[in-house]
Amino acid sequence: VRVPDPYDPALLRSAPREIRHLLAAAVAEEDTARVLATLGIGFTVWHDVKTPAGKLDHVVLGPTGLWAMLSEDWGEPVKTKRGEVIGAGLAPGERPVHELGLRAKALARAARVRFTALAVVVPDDAAPEDVIPLGGVRGAQALLVQRPRLVHLVRSGLPGVKTGGTELFDIRTRVASAVEFM
């Protein structure tokens with residue numbers, strides 16, 4: 001079928017929910033990648049990292065530690081319940097924080113490192129607060145973060161967590177050797 005404008009909002013709204021979500025998630029990943037590019041030379045960022053448990057959208061390493069990130073846009077506002085992201089836009093049974101934890105664990109094992117934080121990144125109007133702590137997941141602090149707040153959060157880090165010197169170089173070497181791209 002010939003489509004005059006594949007980016008026509010009316011066409012996108014008429015697509016099935018799964019297709020709309022895939023398109024929105026792809027745009028969310030690109031938006032987060034653009035934001036992460038402003039972190040500066042003190043940070044290393046890997047995108048679309050393949051793990052046996054699935055894809056990590058972004059992995060960020062810097063003086064504030066090692067971060068695994070999932071960029072999402074479910075097309076609806078989200079909230080949290082018992083350490084998980086919930087909302088009308090999520091598919092039944094979808095557990096994004098749990099899945100992010102499994103993916104981060106797979107890369108952590110392969111690279112022999114520990115993640116500092118797991119962040120589910122959403123558009124600024126999708127969450128009720130800038131940053132919502134979700135508790136510990138597989139040894140890392142999980143967070144729901146509005147995209148505009150992400151760079152500040154990653155630069156300032158979590159209380160009491162700093163990575164530097166030779167430790168930072170060792171982690172970067174281990175992660176870089178384990179990373180496979182999608």
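Start by selecting helix α3 (residues 96-111) and helix α5 (residues 165-178) in this predicted model. Their axes come within 8 Å and cross at roughly 110 degrees. Angles of 65 to 115 degrees count as roughly perpendicular, and α3 and α5 therefore fall in that class. Show side chains where the two helices meet: α3 supplies Leu107, Ala110 and Ala111, while α5 supplies Arg174, Val175 and Ala178. Coloured by class, the contact of α3 with α5 has 5 nonpolar residues, 1 charged residue and no polar ones.

**The largest nonpolar core**

Keep Val175 selected and add Val59, Phe115, Leu118, Val120 and Leu144. Within the largest nonpolar core, which has 36 residues, these six touch the most other members. Which elements give two or more residues to this core? They are the strands β1 (44-51), β2, β3, β6, β7 and β8, together with the helices α3 and α5. The largest share comes from α3, with 6 residues.

Now centre the view on Leu118. Leaving aside neighbours within four places in sequence, Leu118 is in contact with Leu100, Gly101 and Ala104, and also with Ala68, Val137, Ala140, Gln141, Ala142 and Leu143. Apart from the largest core lies another one, of 17 residues. To find this other core, select Leu39, Phe43, Val151 and Leu158, which are among its members.

**Helix α4 and its surroundings**

Val151 leads to helix α4 (residues 147-156), where the buried residues are Arg147, Leu150, Val151, Leu153 and Val154. What do the buried residues of α4 pack against? Display helix α2 (17-36) and the strands β2 (54-62), β3 (65-71), β6 (117-122), β7 (131-137) and β8 (140-146) to see their partners. Just after α4, select Gly157, which takes a positive phi of about 75 degrees.

**Gln146 in strand β8**

Go next to Gln146, in strand β8. Is this side chain's residue, Gln146, buried or exposed? The cut-off for buried is under 20% relative accessible area, and Gln146 counts as buried because its relative accessibility is 9%. Not counting residues up to four places away in sequence, Gln146 touches Val122, Pro123, Asp124, Ala127, Pro128, Glu129 and Asp130.

**Two arginines with positive phi**

Select Arg82, in the loop between β4 (79-81) and β5 (84-86). Arg82 has a phi near 50 degrees, a positive value in a residue other than glycine. With a relative accessible area of 78%, Arg82 is exposed.

Then select Arg112, in the loop between α3 and β6. Phi is near 55 degrees for Arg112, again a positive value in a residue other than glycine. Arg112 is exposed, at a relative accessible area of 59%.

**The whole chain**

Finally, zoom out and colour by secondary structure. The protein chain has 5 helices and 9 strands, and along the sequence they follow the pattern α-α-β-β-β-β-β-α-β-β-β-α-α-β. Its radius of gyration is 17 Å, close to the 16 Å that the globule rule gives for 182 residues, so the chain is as compact as a globular protein of that length. Taken along the principal axes, the C-alpha atoms fill a box of roughly 55 × 35 × 30 Å.

Colouring by accessibility shows the buried residues, which make up 45% of the 182 residues in the chain. For a contact map, take contacts between residues at least 6 apart in sequence: 60% of these join residues at least 24 apart.

Definitions and conventions
Residues numbered from 1 in each chain as written. Predicted model: local features only at pLDDT ≥ 70, side-chain atom pairs only at ≥ 80, totals over all residues. Heavy atoms only, no water. Axes fitted to C-alpha atoms, helices over the stretch in contact; angles between N-to-C directions. Helix = DSSP H or I, 4+ residues; strand = E, 2+ residues; numbered from the N terminus. Parallel < 35°, antiparallel > 145°, perpendicular 65-115°, else oblique. Contact = heavy atoms within 4.5 Å. Nonpolar A, V, L, I, M, F, W, Y, C, P; charged D, E, K, R; others polar. Buried < 20%, exposed > 50% of the residue type's maximum accessible area, 1.4 Å probe, protein only. Core = buried A, V, L, I, M, F, W, Y, C linked by side-chain atoms within 4.5 Å. Rg over C-alpha atoms; globule rule 2.2 N^0.38 Å.
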